[in-house]
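Ready for a little practice at reading a structure? Have the sequence and the coordinates open, and try each task before you look at its solution.

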Amino acid sequence: MDKHLIAEMTLEEFGRFIKESDTAIFPVGATEAYGHHLPMGSDWLVTYEVAKRAAQKASCFVAPPIPYGFSEDLMCYTGTLSVSTMSILAMYRDVLESLHRQGMKKVLFLCGHVGNLGAIDQAASEAMRDYGMECAHIDWWRFIYHINEELMDSKFPLGHAAEAGTSILKYLFPQLVNEEKMIRKEKEEKEEIPDLYVYEYFDKETETSVLGDPFCGSEEKGKVMIENAVNVISGFIDQWQADERK
């Protein structure tokens, strides 16, 4: 079976494949300002592409992506589209219920936007409680940094539209990267209380929505990052499914 994307399957194809796998990757992201050199759909475009590659290797489903997230802190920039956490939670709940009713027992959220994690936590916990569904999530940009830390050269590679993001977009979607528009914006060092978060709009730190050094990004780094990510994700899914069969 070559097809793994639910959106591209016929009902007959889905019916046959559900007999082979009861696991789906659910990619979610955001549509928000991502510097002048990267597309505003970066978060969901990347997670959907990675989900497709991991599902092909692990032989599981990919649910259609949700391209909206809670991005209020970036509404200060042109083009950002933000959806409330309550709306996102309602959508995640309904998708999980539908997947459950169609035979899915395991769902891995591949989350490309940190603002969605609260909704994922609640929806996944409720699905576990109400349907006995097994859920997991990967916080994509933190995940990609930690499994590729040795590749990073800049001081703040995990920023916004910075080294990690630029590298990955250069590899996956080079046609969407405008290198002539790249701007460097280093994060200012502050004496902060650990784990204290002050709510503020993103333009307080950067006028362009870039936070970090995109010039350190490269297609070569992006390729290694994605290959490592696909191997780790597919390996987790293989083990997850094997545990059920024991």
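Three exercises with worked solutions follow, all on a predicted model.

**Exercise 1.** Find where Ser21 lies, and decide whether Ser21 is buried or exposed.

*Solution.* Start with the backbone: Ser21 belongs to the loop that runs between helix H1 (11-17) and strand E1 (23-28). Next, take the relative accessible area, which is 2% for Ser21. Buried means under 20%, so Ser21 is buried. Now look around the residue: setting aside neighbours within four places in sequence, Ser21 is in contact with Ser59, Cys60, Phe61 and Gln241. With Gln241 there is also a polar contact, side chain to side chain, at 3.3 Å.

**Exercise 2.** Work out how the rings of Tyr197 and Tyr199 are arranged.

*Solution.* The structure holds ten aromatic pairs. In the pair formed by Tyr197 and Tyr199, the centres are 4.8 Å apart and the planes make an angle of 85 degrees. Planes over 60 degrees apart count as edge-to-face, so this pair is edge-to-face. Both tyrosines, Tyr197 and Tyr199, are exposed. For another aromatic group, turn to the cluster of Tyr34, Trp140, Trp141 and Phe143.

**Exercise 3.** Explain why Cys76 has no disulfide partner.

*Solution.* A disulfide needs two cysteine sulfur atoms within 2.5 Å. The closest cysteine sulfur to that of Cys76 belongs to Cys111 and is 20 Å away, so the two are too far apart for a bond. Cys111 is in no disulfide either, as its nearest cysteine sulfur, in Cys135, lies 13 Å away. Finally, compare exposure: Cys76 is partly exposed at 30%, whereas Cys111 is buried at 0%. The total for the structure is zero disulfides.

How values were computed. Residues numbered from 1 in each chain as written. Predicted model: local features only at pLDDT ≥ 70, side-chain atom pairs only at ≥ 80, totals over all residues. Heavy atoms only, no water. Helix = DSSP H or I, 4+ residues; strand = E, 2+ residues; numbered from the N terminus. Buried < 20%, exposed > 50% of the residue type's maximum accessible area, 1.4 Å probe, protein only. Polar contact = N/O pair within 3.5 Å; in protein donor to acceptor, adjacent residues only side chain to side chain. Contact = heavy atoms within 4.5 Å. Phe/Tyr/Trp six-rings, centres within 6.5 Å; stacked < 30°, edge-to-face > 60°.
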